[in-house]
Amino acid sequence: MTSDQFKGKPLLVGIMPRQHPEVLQTAAGLASGLGAPMLCAYVDEASYLVDWDPARSAHRLSLRPDAGIEELRTLATELEAQIQDVLEAVAPGDPAVEWTLRTLTGDPARSLGRLAAEVEAPMIIVGTSERGFSHRLSEALNGSVGAWLSHHQSRPVLVVPYHKAVRGERR
């Protein structure tokens with residue numbers, strides 16, 4: 001892992017714990033081929049930043065008061081291991097792809113969009129949701145990150161499809 005001070009503009013990659021590997025594999029392949037660094041970003045939807053106003057006690061309360069920093073550190077460690085595993089599988093022995101992980105809060109699409117603008121990312125890479133009723137229901141209620149980004153960004157958005165092996169197909 002490297003610092004946020006890259007030698008070029010990074011490809012922004014939206015990641016999640018236990019995400020299907022195609023997203024990171026595609027991003028790592030692109031980053032390696034383009035000689036670009038990767039800025040991986042995880043967005044915690046359960047946390048939202050609010051402006052703090054000492055005159056209003058409601059703003060002093062956290063939306064997740066019992067959520068500790070240790071939980072976030074554990075998740076970041078898991079995500080870093082996931083990224084490192086994919087990079088080693090895509091380009092074994094090639095440490096050429098610089099990367100870092102950033103954790104954000106709030107709405108995933110908007111948070112990724114703001115970060116892309118901040119770092120002047122030439123491209124945003126995200127995955128589709130997995131198949132199944134619960135994933136479709138979540139997307140119907142919350143909207144698709146890829147769809148929102150593709151309609152509200154001035155930079156290219158690559159949406160990597162989830163590929164589930166069909167019966168009899170080998171992966």
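**A walk through the fold, starting from a loop**

Let me start with Glu 120, which lies in the loop between H3 and S4. What we are looking at is a predicted model, and I will keep to what can be computed from its atoms. Glu 120 has a positive phi of about 55 degrees although it is not a glycine, and with a relative accessibility of 45%, which lies between the 20% and 50% cut-offs, Glu 120 counts as partly exposed.

There is a second residue of this kind, Arg 18, where phi is near 55 degrees, again a positive value in a residue other than glycine. Arg 18 sits in the loop between S1 and H1, and because its relative accessible area is 68%, above the 50% cut-off, Arg 18 is classed as exposed. As background, most residues other than glycine have a negative phi. For a glycine example, we can turn to Gly 35, just after H1, which takes a positive phi of about 65 degrees.

Now to the sheet. In what order do the strands of the sheet stand? The sheet is open and is formed by 5 strands in the order S3-S2-S1-S4-S5, with parallel pairing. S3 and S5, the latter covering residues 157-160, stand at the edges with a single partner strand each, so one side of each has no neighbour in the sheet. From one strand to the next, the twist averages 25 degrees.

S1 deserves some time. On one side, S1 is joined by 4 bridges to S2, and these two strands run parallel; within that pairing, Gly 14 stands opposite Ala 41 in S2. The chain gets from S1 to S2 by passing through H1, and this β-α-β crossover is right-handed. S1 is also joined, by 2 bridges, to S4, residues 124-127, and that pair runs parallel as well, with Leu 12 standing opposite Ile 124 in S4. As for the side chains of S1, Leu 11 and Val 13 point one way while Leu 12 and Gly 14 point the other way, and all of these are buried.

H1 packs on the sheet, where it touches S1, S2, S4 and S5, and its direction makes about 170 degrees with that of S1. Among the residues of H1, Glu 22, Val 23, Leu 24, Ala 27, Ala 28 and Ala 31 are buried. As a check on the geometry of H1, its 13 residues, at 1.5 Å a residue, should span 18 Å, and since the C-alpha atoms at its ends are 18 Å apart, the two figures agree.

Let me move to the nonpolar cores. In soluble globular proteins, nonpolar side chains tend to be buried together. Here the largest nonpolar core has 24 residues, and those with the most contacts inside it are Val 13, Ile 15, Met 38 and Ile 83. At least two residues of this core come from each of S1 (11-14), H1 (22-34), S2 (38-44), H2 (69-90) and S3 (99-105), and the element that gives the most is H2, with 6 residues. Which residues is Ile 83 in contact with, once we leave aside its neighbours within four places in sequence? They are Ile 15, Leu 24, Met 38, Cys 40, Trp 99 and Leu 101. A second, separate core has 13 residues, including Leu 12, Leu 115, Ile 124 and Val 126.

That brings me to H3, and to two of its residues. Leu 115 is located in H3, and because its relative accessibility is 3%, under the 20% cut-off, Leu 115 counts as buried. Not counting residues up to four places away in sequence, Leu 115 touches Leu 12, Leu 39, Ala 41, Arg 102 and Leu 104. For Leu 115 and Arg 102, the separation is 13 residues in sequence and 9.6 Å in space, C-alpha to C-alpha.

Ser 111 also has its place in H3, which covers residues 108-119. Is Ser 111 buried or exposed? With a relative accessible area of 4%, Ser 111 is buried. Ser 111 touches Val 43, Leu 104, Thr 105 and Gly 106, again not counting residues up to four places away in sequence. Finally, Ser 111 and Tyr 42 are 69 residues apart in sequence, with their C-alpha atoms 9.5 Å apart in space.

Note on methods: Residues numbered from 1 in each chain as written. Predicted model: local features only at pLDDT ≥ 70, side-chain atom pairs only at ≥ 80, totals over all residues. Heavy atoms only, no water. Core = buried A, V, L, I, M, F, W, Y, C linked by side-chain atoms within 4.5 Å. Buried < 20%, exposed > 50% of the residue type's maximum accessible area, 1.4 Å probe, protein only. Contact = heavy atoms within 4.5 Å. Pairing = 2+ DSSP bridges. Axes fitted to C-alpha atoms, helices over the stretch in contact; angles between N-to-C directions. Right-handed = clockwise from strand over helix to strand, strands pointing away. Expected span 1.5 Å × (residues − 1).
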